[in-house]
Structures are given as structure tokens and as C-alpha cells.
Amino acid sequence: MNRDILKECKRVVIKIGTNSIMKSPTKVDYHKIDRLAFVCSSLQQQGKEVVLVSSGAVGVGASTLKMDKYPSAVAEQQALASVGQSALMNLYSRFFQHYEQYVGQILMTRDIINYPNSYANCNTSINSLLNKDIIPIINENDAVSVDESGHCTKFGENDTLAAVVAELVDADLLIIMSDVDGLYDSNPHTNPEAELISYVGEIDTDILSMAGGAGSVFSTGGMETKLRAAQKMMSINKSMIITSAKNPNIIFDILNGQDAGTLFKKNEAELQIQGDE
């Protein structure tokens, strides 16, 4: 698959998970946040529009309060998220300011999908920030989100949230940064012979069967949620890439059309069939 089309991407949503910004439950990876701030700020300077979807409120909260594990009670988790979200945004603000880039916080719940006015207002808020060259940093509002019968406001994990945001702002590309280099034909953590899949033009049962469980005890998302996000992006004829969060500079390579990570994009033959219908 020729990736030169990625060079033309103007609006990009980048998602990074808790495991990628934490060294452990009690230690924040400052170097990773700094590199991410540098990459996003550089892309803005190049004329790109960047939206950052970042997990980590609970993890940073645990770090701030010197906890060695996450609490099991929902109320305590929400309190931790409240402390952590403030600390997380403080970290992002400080690192982005080093590159003279302003950021703005937007916390979302699933209500925006269910209510057209909320959806439109959220779109307006994000676009207002982008029009002012401010990078929106988006997370689920973990301090108040609930998962109850008849009133579910939780996304549950930020891969889904990232896909919703990408559709909301009509992004050209969604980049999901993970603890693996992309989609493999088997679990690379347990199988040293696993091979990276460079391109996926259709997500079928064979592809879905390659998804394992959650990749880390520090995060709630696994490969399955990433594939569901890819399905959503491909359903609206947009592209998505799963790539390693080890070095955020890889985003430069991706947007230069280099072969990095796994690209999910409908193949041209299928698009042609849809166009003929």
C-alpha cells in the first residue's frame, strides 16, 4: 500500500494511552510527555492541525498520591481521576509551553453521541481551539462518568473515544500509539516469531481473531478495542495507524509516508465498488 497519501493529511488525531505515559503506576514518564509535546508542537508549526487524546488521569493521580496500586472502589477511582486529570494537564501545559504551544482541555462523556446539540457544541469547541492554533487535549471525564443500566456515560477506554473524536472533527488520520509496533499475526509478547502486518484493507473475522486481551495492567484497552476503532474509521473512509509509543518521533515518519506501524485504510477496489453503487 502506497503511503504517500499520508503526506497530505492536514488534521490528525493522536491517541496515547496510560501505559505509554507511565513508567509504572507510581512514576510518570516525563521524557515521553516531553517528546510528545515536541512532536505535536512541531506538526502545528508545519501547518498541521493536531488533536491529542490522552489517557492517564488515574495513573497520574496514583503517582501524585504515591499509591502503589489502583483502588477497586469506583468512588475512589473517580477521586483519583479528579486529582490526576488536574496534574496531567499541568504536566502537558508545562511541557507544551516549552515549545511555545498552547493547549486546551476538553473532557468528554458518551452523552455527546446521544445528544445532537452536545455533539455540535463539542465540534464547535474543538474547532474553535484549532482555529486559534491551540492543541485540544481530550480525555474521558473519568471523575463523573458512570456505567449504569439506562444511563451509560462512559466510553470505557480511549481507543473508542479517539475514533469518536476523529469522526467528530473530520480528521484525515487517527494515530493510536500503543505498547506494540502495530498489529501482529500473533501476540508479539509471547511469540518471538510474530510478524507485523503493514497494511489492512478490510477487518474481517481473521483480523479480529488476532486481537488479544488488554496489553497492560496499567491500561484498560487492548488490541480488540483498537481494531474496533479502525473499523469505525474505515467505515467513514478515513485512515488509522497503530504504532509504537516508544518514540513519538515516529509520527514524523508516518506523516512522511514511511512504512511504520499498521495502516488501516479501505482498499481502492472496495472504494471503487462503493462509488459505482
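## Exercises on a predicted protein model

In helix H9, the residues Met223, Thr225, Lys226, Leu227, Ala229, Ala230, Met233 and Met234 are buried, where buried means a relative accessible area under 20%, exposed means over 50%, and partly exposed covers what lies in between (1.4 Å probe, protein chains only). Helices (H or I, at least four residues) and strands (E, at least two) are DSSP runs, numbered from the N terminus.

The model is predicted, with local features needing pLDDT of at least 70 and side-chain atom pairs counting only at pLDDT 80 or more, while totals for chains, interfaces and linings use all residues. Residues are numbered from 1 along each chain as its sequence is written, and side-chain values use heavy atoms, with hydrogens and water left out.

**Exercise 1.** Describe the length of helix H9 and what follows the helix.

*Solution.* Begin with the residue range, 223-235, which holds 13 residues. The expected span is 1.5 Å times one less than the number of residues, and from its first C-alpha to its last H9 reaches 18 Å, close to the expected 18 Å. Then look just past the helix, where Asn237 follows with a positive phi, near 60°.

**Exercise 2.** How do the axes of helices H3 and H4 cross, and which residues meet there?

*Solution.* Two packed helices are described by the angle between their axes and the distance between the axes. Axes are lines fitted to C-alpha atoms, for helices over the stretch in contact, and angles run from 0 to 180 degrees between N-to-C directions. The axes of H3 (residues 57-64) and H4 (residues 74-97) come within 6 Å and cross at roughly 90°. Angles under 35 degrees count as roughly parallel, over 145 as roughly antiparallel, 65 to 115 as roughly perpendicular and the rest as oblique, and H3 and H4 are therefore roughly perpendicular to each other. For contact (heavy atoms within 4.5 Å), Ala57, Val58, Val60, Gly61, Ala62 and Thr64 of H3 meet residues of H4 including Gln77, Leu80, Ala81 and Val83. The residues of this contact divide into nine nonpolar, five polar and no charged, where Ala, Val, Leu, Ile, Met, Phe, Trp, Tyr, Cys and Pro count as nonpolar, Asp, Glu, Lys and Arg as charged, and the others, Gly among them, as polar.

**Exercise 3.** Where does Leu183 lie, and is Leu183 buried or exposed?

*Solution.* Leu183 is placed in the loop between strand S9 (173-178) and strand S10 (199-200). Its relative accessibility is 1%, so Leu183 counts as buried. Leaving aside neighbours within four places in sequence, its contacts include Met223, Leu227, Thr262 and Phe264. The C-alpha atoms of Leu183 and Met223 are separated by 7.8 Å, although the two residues are 40 residues apart along the chain.

**Exercise 4.** Place Ile33 in its helix and name its contacts.

*Solution.* Ile33 belongs to helix H2 (residues 30-45), and with a relative accessibility of 0% Ile33 counts as buried. Beyond its neighbours within four places in sequence, Ile33 is in contact with Ile21, Val28, Leu91, Tyr92 and Phe95. Between Ile33 and Tyr92, which are 59 residues apart along the chain, the C-alpha separation is 7.1 Å.

**Exercise 5.** How many disulfides are counted?

*Solution.* A disulfide is a pair of cysteine sulfur atoms within 2.5 Å, and by this rule the count comes to zero. As for two cysteines, Cys40 counts as buried at 0% relative accessibility, and Cys122 is buried with a relative accessible area of 8%.
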